[in-house]
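Q: I would like a careful look at one part of this model, set in the context of the whole chain. Please take the wider picture before the details.

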Amino acid sequence: MKGFEIVPLAIGIMALLMFALIVWIIRRGHKKSVKYFSEEGLVLNDGRTFRWTDLNRVVDKVRIRPYNRKTIWRTEIEFKNGSAWVIPTKVSNYGEVSELIRSLPCEHTEARA
């Protein structure tokens with residue numbers, strides 16, 4: 001144990017744990033995000049499919065910025081057997097997608113993220 005320092009080892013372990021946490025959060029968001037919409041429903045990036053007939057509600061997760069400016073952080077489309085996320089910053093045609101989501105025949109709510 002001569003010359004062994006615990007502090008550099010602890011810093012290295014904490015850095016690796018932080019990296020693993022960030023990777024897990026990014027992968028989780030990617031898997032729960034919508035890959036594409038169709039007439040029958042939607043498909044997630046992990047391959048799961050949800051049908052429009054099982055639609056429950058749509059929840060806009062918003063953040064309130066300074067001066068009470070609301071921004072949508074993500075939109076959760078909830079079905080009977082799970083949910084799907086639409087993240088505005090990750091969708092190139094978000095204008096079209098948001099119109100489609102607003103036209104869905106279900107309850108639309110808003111919650112703070």
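Among contacts in the chain between residues at least 6 apart in sequence, what percentage join residues at least 24 apart? And, looking closely at strand β5, which strand does β5 pair with over 10 bridges, and which strand over five bridges?

A: The model is a predicted one, in which local features need pLDDT of at least 70 and side-chain atom pairs count only at pLDDT 80 or more, while totals for chains, interfaces and linings use all residues. Residues are numbered from 1 along each chain as its sequence is written, and side-chain values use heavy atoms, with hydrogens and water left out.

To take the wider question before the strand, 43% of the contacts in the chain between residues at least 6 apart in sequence join residues at least 24 apart, a contact being heavy atoms within 4.5 Å. The chain has two helices and seven strands (DSSP runs numbered from the N terminus, with helices being H or I of at least four residues and strands E of at least two). Read from the N terminus, these elements follow the order α-β-β-β-β-β-β-α-β. Along the principal axes, the C-alpha atoms of the chain fill a box of roughly 70 × 40 × 25 Å, and 27% of the 113 residues count as buried (under 20% relative accessible area, with exposed meaning over 50% and partly exposed in between, for a 1.4 Å probe and protein chains only).

Within this chain, strand β5 covers residues 69–79 and pairs in the antiparallel sense with strand β4, residues 55–65, over 10 bridges; two strands pair if DSSP finds at least two bridges between them. One of the bridges in this pairing puts Leu-55 opposite Phe-79 of β5. The two strands form a hairpin with three residues between them, and in that turn Tyr-67 has a positive phi of about 65 degrees. Strand β5 also pairs with strand β6, residues 82–86, again in the antiparallel sense, here over five bridges. In that pairing Ile-77 has Ala-84 of β6 as its bridge partner, and the hairpin that joins β5 to β6 runs through two residues.

The charged side chains add a further layer to this picture of β5. The structure holds five salt bridges, each defined as a side-chain nitrogen of Lys or Arg within 4 Å of a carboxyl oxygen of Asp or Glu. One of them joins Glu-78 to Arg-57, whose closest N and O atoms are 2.8 Å apart. This pair links distant parts of the chain, with Glu-78 in β5 and Arg-57 in β4, 21 residues apart. Arg-57 counts as partly exposed, because its relative accessibility is 30%.

Another salt bridge is formed where the side chains of Glu-110 and Lys-70 meet, at 2.8 Å from N to O. This pair too links distant parts of the chain, since Glu-110 lies in strand β7 (residues 107–112) and Lys-70 in β5, 40 residues apart. Glu-110 has a relative accessible area of 47%, so this residue is partly exposed.

A further salt bridge involves Glu-76 and Arg-74, with the closest N and O atoms 2.5 Å apart. Both residues of this pair, Glu-76 and Arg-74, are buried. By way of general background, side chains of opposite charge can pair when their charged atoms come close.

To draw the part together, β5 has antiparallel pairings with β4 and with β6, and holds a salt-bridge residue, Lys-70, whose partner Glu-110 is in β7.
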